[in-house]
Amino acid sequence: ALAYGIYKQDLPAPEEKPRNVVFIDLGHSAYQVSACAFNKGKLKVLATAFDPYLGGRNFDEILVNHFCEEFRRKYKLDVKSKIRAVMRLFQECEKLKKLMSANASDIPMNIECFMNDIDVSGSLNRYKIKPPQDPSPLEGI
C-alpha cells in the first residue's frame, strides 16, 4: 500500500475526497486484505483482515484431490499411496493454478511416467472446480 501511494502520481489533493483502494494478498499460506484511503502525501489505513489458515496451498490441495479422484477413475491409480506421485502432482497442480488464474479456458495437464510407468493427463478450468466438502478452509470468501 505504501509503494502504491509513493509511486502513484494522480492521487487527489489533500483537501479533496481520498481515493479508496483495497489490496488483496493471497500468499502461499495466508490471506490478507487491507482497505486504504489515499491523498497526495497521505495514507490512511481504513481496515485490515488476515486469515493465517487460508492461502494458495489450500487451492493446490483442492486441485490435487480433484486429480487424485480423476486418476483413480480414469487410470485405476491410487495416487495417495505413493508420496513421490503426490509430490509430483502438487508441483503440476501449482503450475496449473497459476495458468488458470490468467485463463478461463480448459488448461491441459500431462505427467509422463507418473506411476507404474503410466502417463496421465487431464484438464481443468476455473469454473469446474468443486468446493471442498468441508468448507472451513474457504469460509468467509
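These entries record what I looked up about one helix and one surface patch in a predicted model.

**Entry 1: helix α3**

I began with α3, which runs over residues 83-102 and has 20 residues. From its first C-alpha to its last I noted a reach of 29 Å, close to the 28 Å expected at 1.5 Å a residue.

**Entry 2: the buried residues of α3**

I then asked which residues of α3 are buried. I found Ala85, Val86, Leu89, Cys93, Leu96 and Met100. Seen down the axis of α3, these buried residues fall within an arc of 85 degrees, so I recorded them as lining one face of the helix. I added a general remark: an α-helix has 3.6 residues a turn, so residues three or four places apart point the same way.

**Entry 3: the other side and the cover**

On the other side of α3 I listed Ile83, Arg84, Gln91, Lys98, Ser101 and Ala102 as exposed. I next looked up what covers the buried residues of α3. The cover includes α2 (56-75), β4 (107-115) and β5 (118-124).

**Entry 4: a nonpolar patch**

I turned to the surface and noted a nonpolar patch of about 540 Å², made by Leu2, Ile6, Tyr7, Leu43 and Val45. The elements that give two or more residues to this patch are α1 (2-7) and β3 (42-51). I entered α1 as the source of the largest share, 3 residues.

**Entry 5: Leu43**

Lastly I asked where Leu43 is found, and I placed this residue in strand β3. Is Leu43 buried or partly exposed? I recorded Leu43 as partly exposed, because its relative accessibility is 36%, and the partly exposed class lies between under 20% for buried and over 50% for exposed.

Technical notes: Residues are numbered from 1 along each chain as its sequence is written. This is a predicted model: local features need pLDDT of at least 70, side-chain atom pairs count only at pLDDT 80 or more; totals for chains, interfaces and linings use all residues. Side-chain values use heavy atoms; hydrogens and water are left out. Patches are made of residues with over 30% relative accessible area and no salt bridge: like charges are joined within 9 Å, nonpolar side chains (Val, Leu, Ile, Met, Phe, Trp, Tyr) within 5 Å. Accessible areas come from the Shrake-Rupley method with a 1.4 Å probe; for residues, only the protein chains shown count as cover. A salt bridge is a side-chain nitrogen of Lys or Arg within 4 Å of a carboxyl oxygen of Asp or Glu. Helices (H or I, at least four residues) and strands (E, at least two) are DSSP runs, numbered from the N terminus. Buried means under 20% relative accessible area, exposed over 50%, partly exposed in between (1.4 Å probe, protein chains only). The expected span of a helix is 1.5 Å times one less than its number of residues. The arc is that of the directions from the helix axis to the C-beta atoms. Contact means heavy atoms within 4.5 Å.
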